[in-house]
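Dear colleague,

Please find the structure below, together with its sequence. A short account of what was found in it follows.

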Amino acid sequence: MTDVIGADRNDMRRDRIAAASIGVLAFAAVDVAHEALGHGIAALLAPAVTPVAISTVALSTLGTSRMVPLAGPLLNLILGSACLALFRRVRGFGPGAFFLWLFATANLLNAFGYGVYSGVLDFGDLAVAVQGLEPHAAWRAGMAALGLVGYYATIRIAAGLLSRRLASLGTGSSQLLSLLLPAYLGGSTVLLAGAALNPIASLVLMSGLTSGFLCMAGLLAVPAVLPEEGGLPVRSVLGTATAWRVAGMIGATLFVAVMGPGIAL
């Protein structure tokens, strides 16, 4: 019996390490998609806008357009919706499926989270996108309200999909927090570390902290909205995931060391 318990603990420990590595990759991918694909492509298409530098927290440009700040959260919304739909079609559950679910959910939380704190703090991409529109207070309130509704809906929908997937495999969801917490901490930490190297010190808290620990906090609420698991067993669902662990270390290093200080364009 002692050997079985020890093996179970080792399996759970491997799951947590794998989850942290997958969280690093998923959060970094969300950030790169937001900055490079969202803001970056919009800046290339917008007239009178020239990209100057890109980092983990911002795309610096010469010239301005409402389309550029709006494109980051909008791309996150599109990617998150598409990947969550894809997750519904993927069978089984392992590191790859967990990455897909986490990437989809983090994209949506990021998109709607921008609405909340842009409306509340009057800072961030969506605050820039509506700058000068009147009545400004109404625009801020609308963004915050829409962000809250979307954020809550994301948690409910993502949690339901994940719960049904685990139940279909005969696996309990009571260990879910032990997967989501390391993924959340690993991913949020690498976003904060990347922001810490940015030359603009204020962005460490205003962007690095909000896009990671604050925006993604909804992941920790997923277990709370899941239905009862009906006594299904707890078992390892990710395994050692050696390739994902190696990719997580390489990805974190490149993300922080290369994109953190910024890349001149």
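**Helix packing and the sheet**

In this predicted model, helix 2 (residues 67–89) and helix 5 (residues 136–168) have axes that come within 11 Å and cross at roughly 15°. Angles under 35 degrees count as roughly parallel, and helix 2 and helix 5 are therefore roughly parallel to each other. The crossing in which helix 2 passes helix 5 is left-handed. On the side of helix 2, the residues involved are Leu84, Phe87 and Arg88, and these meet Ile157, Leu161, Leu162 and Arg165 in helix 5. By residue class, the contact of helix 2 with helix 5 comprises 5 nonpolar residues, 2 charged and no polar.

A second helix pair may be described in the same manner. Helix 6 (residues 176–196) packs with helix 7 (residues 203–214) at an angle of about 160°, and their axes lie 8 Å apart. Because angles over 145 degrees count as roughly antiparallel, helix 6 is roughly antiparallel to helix 7. Helix 6 passes helix 7 in a crossing that is right-handed. Helix 6 contributes Tyr184, Leu185, Ser188, Thr189, Leu191, Leu192, Ala195 and Ala196 to the contact, while helix 7 contributes Leu203, Val204, Gly208, Leu209, Ser211, Gly212 and Phe213. The residues of this contact of helix 6 with helix 7 comprise 10 nonpolar, 5 polar and no charged.

The model also contains an open sheet of 3 strands, in the order 2-1-3 and with antiparallel pairing. Strand 2 (59–62) and strand 3 (263–264) are the edge strands, each of which pairs on one side only. In general, strands of a sheet pair through backbone hydrogen bonds.

Strand 1 (residues 50–54) runs antiparallel to strand 2, and 4 bridges join the two. These strands, 1 and 2, form a hairpin, with 4 residues between them. Within this pairing, isoleucine 54 has leucine 59 of strand 2 as its bridge partner, and alanine 53 has serine 60 of strand 2.

Strand 1 also pairs with strand 3, again in the antiparallel sense, over 2 bridges. Here the partner of isoleucine 54 is isoleucine 263 in strand 3. Isoleucine 54 thus has a bridge partner in strand 2, namely leucine 59, as well as the one in strand 3, isoleucine 263.

Yours sincerely

Terms used:
Residues are numbered from 1 along each chain as its sequence is written. This is a predicted model: local features need pLDDT of at least 70, side-chain atom pairs count only at pLDDT 80 or more; totals for chains, interfaces and linings use all residues. Side-chain values use heavy atoms; hydrogens and water are left out. Axes are lines fitted to C-alpha atoms, for helices over the stretch in contact, and angles run from 0 to 180 degrees between N-to-C directions. Angles under 35 degrees count as roughly parallel, over 145 as roughly antiparallel, 65 to 115 as roughly perpendicular and the rest as oblique. A crossing is left-handed if the near helix is turned anticlockwise from the far one by less than a right angle, and right-handed if clockwise. Contact means heavy atoms within 4.5 Å. Ala, Val, Leu, Ile, Met, Phe, Trp, Tyr, Cys and Pro count as nonpolar, Asp, Glu, Lys and Arg as charged, and the others, Gly among them, as polar. Two strands pair if DSSP finds at least two bridges between them.
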